[in-house]
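The exercises below concern a sheet and the helices around it. Each task is followed by a solution in steps.

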Amino acid sequence: MLSQWLRCCLLLLLVTWLPWVHAEEAPLKAVATFSILGDMVKAVGGERIQLTTLVGADSDGHVYQPTSADAKTVAQADILFVNGLGFEGWLERLVEASGYKGKVVTATEGITGLPLADGDNHGGVDPHAWQNLANAKTYIQNITRALQDADPVGSAVYAINRDTYLQQLAALEQQLAETIGKLPEDRRSVVTSHDAFGYFAAAYQLKFLAPQGINTETEATAKDVAALIEQIRAEKITAVFVENMVSPRLLEQIAAESGATVGGTLYADALSPADGVAGTYLAMMKHNIETLYQALAAK
Amino acid sequence: MLYDLLFAPFADYVFMQRALVGTWAMALGATPFGVFLLLRRMSLVGDAMAHAILPGIAVGYLLAGLSLTAMTLGGLVVGMVVAVLTSMVTRLTRLPEDASLAAFYLVSLALGVLIISSKGSSVDLVHVLFGSVLALNNAALLLVASIATLSMLTLAVLYRPLVLECFDSAYCRSVSTFGVWTPVVFLVMVVLNLVGGFHALGTLMAVGIMILPAVVARLWTQQLGTMLALAVTVAMLCSWLGLLMSFHFDLPSGPTIILSLGGMYILSALFALRPQRGKVDSVRQFLQ
């Protein structure tokens, strides 16, 4: 009696929900490894995906320690986006441990990685490919293709979002190239706290010097610091930049001793919180260029 | 030539001078307390404490941002709580002191990591919290120097009760009103030195400069006065050597300083390979 009634109820429920479910299926559960990638996935996926970002704003994606909540998120995901080029060293173990069987989309696929200047634990390739706006186009194409494969129904929506974003990218690219183009040849050297700007430097003909190696793990040596101070003096570098994730103390000391000024904060591996100056990828690139320009152009 | 090798780096670069001043201040303030820790058979307490104060520093950071005062106070409070709880558990149960200290420091450390993780990734905050020898700014230098001054003043006042307490704590408590408070003040100073060293120089440096020179000095002499002087001298010498090596051979400064202290320890241990007798005789004489 009861079971019959239950079955009836269930059937009724199913019938009433069926057209609704069909019209608007559950959003695609997408996971991105860090904030910058997450922002791009969000831009393409829009309302059709439910996005979770593992390493949030202002956090270091190089040496992140995944939590069990992350493993659960990954296990339940429909699609997983990673930067690749060895950026997320912790990811492989996380995917394995979580039992995730879905597709892992590498956003940098098709991008030729720049070699590292020195000291590598990324297999000799600089992973910060997003620091060049031209590479961001490849990121967007890869993300769109993967989303279209995973959710063919939304194919057209993704294509529209992609085109809108690519237009914004192109506009920003031109604007920033003009800004940087105004800088004279001898005012293109800056100092930052970690070698994250290889692609950026190559794209805009700038020269970045850093007191540390490629990552935030190694400790600087006295010789490095002395060499950097000498270089700042010799090349008359005017501006030193701190980064959003690294302790500014060492750079402030170097700036004070070499006579350079601290030019501001650059965002390399993570966005600022949404209400900050670099809440999205586009805002971040704009902020970095403008901060650099102001410091370098100042007499 | 010799000048270039030994002195020029300090003459040419302000950051090297700051590093030397910072480590020397640590040597003057922390090393004497390391000697007393050693004599009280508490050499590992420094290590445990250095980890135990983490939640205090983290809470200080979360409440007040990168304020040295807030973080120092937080570390000090938590360090004292751990110290008091440890001695209470030791007195009220049959656990030995090292066991309850181990338990408390692990709990405290885990709590610290938890608090830090609540503010995003655990690693970047650790970078912000722990200083580096090469990045001593004015605030950090001032903190280390103040703590060193306070340490030396405390030592001057409490020297006799401290020595007495080391060897016969019951007698010390019975003869002096200072007696009851001596171990408390001693622990406060140890924690204070650790917290200061933490921000300015990093964990490894803070504990290393406190304990290693004391161990070296203990191998060379039985006289307490000589031991203290020798420990401070060794700490200063090795900081200087370590910084020079870091400069000339391109090595990270903190570990290099600690390793030169370690080298000194191994050398001393080789020289001191003989049976030790009557370890406290000289101190007894001194007290009589």
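**Exercise 1.** In this predicted model, determine whether the residues on each face of strand β3 of chain A are buried or exposed.

*Solution.* Step 1: take one side of β3(A), where A:Ile79 and A:Phe81 are found. Step 2: take the other side, which holds A:Leu80 and A:Val82. Step 3: apply the criterion that a buried residue has 20 or more other C-beta atoms within 10 Å of its own. All four of these residues are buried, and both faces of β3(A) are thus covered.

**Exercise 2.** Find the strands that pair with β3(A) and name residue partners.

*Solution.* Step 1: β3(A), residues 79-82, pairs with β4(A) over four bridges in the parallel sense. Step 2: within this pairing, A:Ile79 has A:Lys103 as its bridge partner, and A:Val82 has A:Thr106. Step 3: the pairing of β1(A) with β3(A) is also parallel and runs over three bridges. Here A:Phe81 of β3(A) lies opposite A:Ala32.

**Exercise 3.** Give the strand order of the sheet and explain why β2 and β4 of chain A each have one side without a neighbour in the sheet.

*Solution.* Step 1: the sheet is open, with four strands in the order β2-β1-β3-β4 (chain A) and parallel pairing. Step 2: β2 (49-55) and β4 (103-106) of chain A are at the edges and have a single partner strand each, so one side of each lacks a neighbour in the sheet. Step 3: on average, and ignoring direction, neighbouring strands are turned by 25 degrees against each other.

**Exercise 4.** Which helices of chain A connect to or pack on this sheet?

*Solution.* Step 1: helix α5 (residues 133-150) of chain A packs on the sheet and touches β1 (28-34), β3 and β4 of chain A. The direction of α5(A) makes about 160 degrees with that of β4(A). Step 2: helix α4 (residues 91-98) of chain A forms a right-handed β-α-β unit together with β3(A) and β4(A).

**Exercise 5.** Classify the packing of α5(A) and α6(A) by angle, and describe the contact.

*Solution.* Step 1: the angle between α5(A) and α6(A) (residues 155-181) is about 175 degrees, and their axes are 10 Å apart. Step 2: angles over 145 degrees count as roughly antiparallel, and the two helices α5(A) and α6(A) are therefore roughly antiparallel. Step 3: contact residues include A:Ile140 and A:Leu147 of α5(A), and A:Tyr165 and A:Leu169 of α6(A). Step 4: by class, the contact has 10 nonpolar, three polar and three charged residues.

Notes. Residues numbered from 1 in each chain as written. Chains lettered and ligands numbered in written order. Predicted model: local features only at pLDDT ≥ 70, side-chain atom pairs only at ≥ 80, totals over all residues. Pairing = 2+ DSSP bridges. Axes fitted to C-alpha atoms, helices over the stretch in contact; angles between N-to-C directions. Contact = placed C-beta atoms within 7 Å. Buried ≥ 20, exposed ≤ 12 C-beta atoms within 10 Å, placed from the backbone. Right-handed = clockwise from strand over helix to strand, strands pointing away. Parallel < 35°, antiparallel > 145°, perpendicular 65-115°, else oblique. Nonpolar A, V, L, I, M, F, W, Y, C, P; charged D, E, K, R; others polar.
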